[in-house]
Structure formats: structure tokens, C-alpha cells
Amino acid sequence: MSLSASHPSIAVLCSGGGSNLQALMERIDRGDLEAKIAWVASNNGDSPALERARRAGIPAHHVSVRTEGGPEGVERRLLELVTAHDVQVLVLAGYMKVLPAAVIRALPGRVVNIHPALLPAFGGKGMYGVHVHEAVLESGAQWTGVTIHLVTENYDEGPVLRQRVAAVMPGDTPASLGSRVLALEHDTLWREVRSLLERT
Ligand code: GRF
């Protein structure tokens with residue numbers, strides 16, 4: 001693993017499977033992304049993302065209203081983690097909670113989220129997971145894709161940094177479309193994190 005001390009630190013927040021986290025770890029291992037993952041945190045103590053991180057020797061934290069005693073505790077803990085590790089870029093990769101505003105303000109222009117559609121289409125309330133791909137298929141759209149955007153205090157509305165397009169194929173199901181989009185996510189997130197680190 002390339003864990004050079006001179007590499008900038010990133011941190012990743014996840015709620016679920018963590019396949020995007022895994023893709024970032026692989027790009028770091030291959031030397032495509034010169035960064036180190038300082039920590040991973042999840043609101044969900046059973047998130048496979050935490051397990052993936054631990055297996056790779058990355059500190060993995062369960063940070064939730066339950067573990068921290070309320071929303072203020074979550075904010076305090078995340079701020080501590082960001083500042084203690086000099087995190088340059090915070091990546092939301094399947095994080096299903098709203099990030100406390102104070103954390104967003106602590107890293108201006110350096111918190112990114114990945115969304116499995118071409119925002120502003122198929123974003124906003126209820127548009128997560130398989131629901132996104134169901135809505136795309138129901139709309140009859142021929143294209144969907146991946147969006148990486150800055151996280152601002154108005155969630156899915158932060159400026160778009162990068163988008164890539166995926167075709168909707170005849171006969172697609174939400175699952176088949178979702179796996180095509182997910183593969184594209186894996187090939188896109190690390191590129192934007194790299195660009196962002198180069199710009200900061
Ligand atoms: C991805 O589709 C991502 O775009 C969305 O949540 C999903 C997370 O997948 N925000 P994983 O946990 O990285 O496998």
C-alpha cells in the first residue's frame with residue numbers, strides 16, 4: 001500500500017456497502033490517487049464499509065446520534081476527526097445522513113458527494129439507491145449517469161464538479177442499470193478527488 005506520509009489526507013463517510021470506498025482504496029494502492037485515507041466513518045455500525053476499512057488497516061468509526069448522544073455530538077465528533085487528521089477532502093460515498101453545517105463550513109469547497117444520476121435530474125428527496133434507477137426507467141430517459149458535486153448546506157444542490165453519462169439499454173431493470181452506473185461511479189470518484197487535491 002502506498003501510504004506515504006507526504007500524501008494528503010482524505011476521509012470517507014459511508015452508510016452502506018462501501019464499494020465506492022473500495023474503489024478509492026484500490027486506486028490509492030495502484031498509485032493512481034496520491035492520497036491516504038485518514039479515516040472512514042459511518043452512521044451505521046453494521047455498514048460493510050467500516051469492515052472494508054478495518055481490513056485495510058484504516059481507522060473506522062461508528063458515528064451516530066446514538067453513539068454520540070445526539071446531533072450536536074455527531075457534529076462535534078466529525079469536526080474533531082476532520083481537524084485532528086488534517087483532512088483535505090471529505091468524500092460522501094453513499095452517506096445517507098445530512099452532514100452538519102459546521103462540518104461543511106470547516107472544509108469549504110472540499111466536501112464532495114457522489115450521486116448515481118445526472119443532477120439536477122433524479123435528485124432530491126427520495127432519490128437514493130434503487131429508487132433513482134427506477135425513476136430513470138419510468139421516465140423513459142435514454143441516458144443517465146453519475147454526478148459528483150460539492151456539498152453545500154442545500155444538499156443535492158451544490159455545484160456540479162464532474163458528470164459522466166451511461167446509456168439506458170433496452171430491457172434494463174433497476175438492478176442492471178444500477179450496476180452499470182455503479183461501475184461508472186467507481187471509475188469517476190477517484191478522478192474528481194485527484195483533481196480536487198491538485199487544486200487545493
Ligand atoms: C452509490 O450509488 C452512490 O452514488 C450513492 O450511494 C451508493 C453507494 O454505494 N450515493 P456504495 O456504498 O459505495 O457501494
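**Exercise 1. Which pattern does the chain follow, read along the sequence?**

Walk from the N terminus, and keep in mind that this is a predicted model.

- Step 1: count the elements. The secondary structure comes to seven helices and seven strands.
- Step 2: put them in sequence order. That gives β-α-β-α-β-α-α-β-α-β-α-β-β-α.

**Exercise 2. Work out the strand order of the sheet and find what stands at its edges.**

- Step 1: trace the pairings across. The seven strands line up as E3-E2-E1-E4-E5-E6-E7, in an open sheet with mixed pairing.
- Step 2: look at the ends of that order. E3 (60-62) and E7 (160-167) each have a single partner strand, so one side of each has no neighbour in the sheet.
- Step 3: check the twist. From one strand to the next, it averages 20 degrees.
- Step 4: zoom in on one pair. E6 (residues 143-150) runs antiparallel to E7, and seven bridges link the two. One of the residues to click on is glycine 145, whose bridge partner in E7 is valine 165.

**Exercise 3. Find the strands that helix H7 touches, and its angle to E7.**

- Step 1: select H7, residues 174-199, which packs on the sheet.
- Step 2: list its strand contacts. You should get E1 (9-14), E4 (87-92), E5 (111-115), E6 and E7.
- Step 3: compare directions. H7 and E7 make an angle of about 155 degrees.

**Exercise 4. Take apart the largest nonpolar core.**

- Step 1: size it up. This core holds 35 residues, and Val12, Leu21, Leu24, Ile37, Val40 and Val91 have the most contacts inside it.
- Step 2: ask who contributes. Two or more residues each come from E1, H1 (19-30), E2 (36-42), H2 (48-55), E4, E5, E6 and H7. H7 gives the largest share, with eight residues.
- Step 3: take valine 12 as a test case. Skipping neighbours within four places in sequence, its contacts include Leu21, Leu24, Ile37, Trp39 and Val91.
- Step 4: look for a second cluster. Another core lies apart from this one; it has 20 residues, including Val63, Leu90, Tyr95 and Ile104.

For background, nonpolar side chains tend to be buried together in soluble globular proteins.

**Exercise 5. Compare the chain's radius of gyration with that of a compact globule.**

- Step 1: get the expected value. For 200 residues, a compact globule would come out near 16 Å.
- Step 2: compare. The chain has 16 Å, which agrees.
- Step 3: add the box. Along the principal axes, the C-alpha atoms fill roughly 50 × 40 × 30 Å.
- Step 4: check burial and contacts. Of the 200 residues, 46% count as buried. Among contacts with a separation of 6 or more, 63% join residues 24 or more positions apart.
- Step 5: finish with the surface. About 9,400 Å² is exposed, and carbon and sulfur atoms supply 52% of it.

How values were computed. Residues are numbered from 1 along each chain as its sequence is written. This is a predicted model: local features need pLDDT of at least 70, side-chain atom pairs count only at pLDDT 80 or more; totals for chains, interfaces and linings use all residues. Side-chain values use heavy atoms; hydrogens and water are left out. Two strands pair if DSSP finds at least two bridges between them. Helices (H or I, at least four residues) and strands (E, at least two) are DSSP runs, numbered from the N terminus. Axes are lines fitted to C-alpha atoms, for helices over the stretch in contact, and angles run from 0 to 180 degrees between N-to-C directions. Contact means heavy atoms within 4.5 Å. The radius of gyration is taken over C-alpha atoms; the globule rule is 2.2 Å times the number of residues to the power 0.38. Buried means under 20% relative accessible area, exposed over 50%, partly exposed in between (1.4 Å probe, protein chains only). Accessible areas come from the Shrake-Rupley method with a 1.4 Å probe; for residues, only the protein chains shown count as cover. A nonpolar core is a set of buried Ala, Val, Leu, Ile, Met, Phe, Trp, Tyr and Cys residues joined through side-chain atoms within 4.5 Å.
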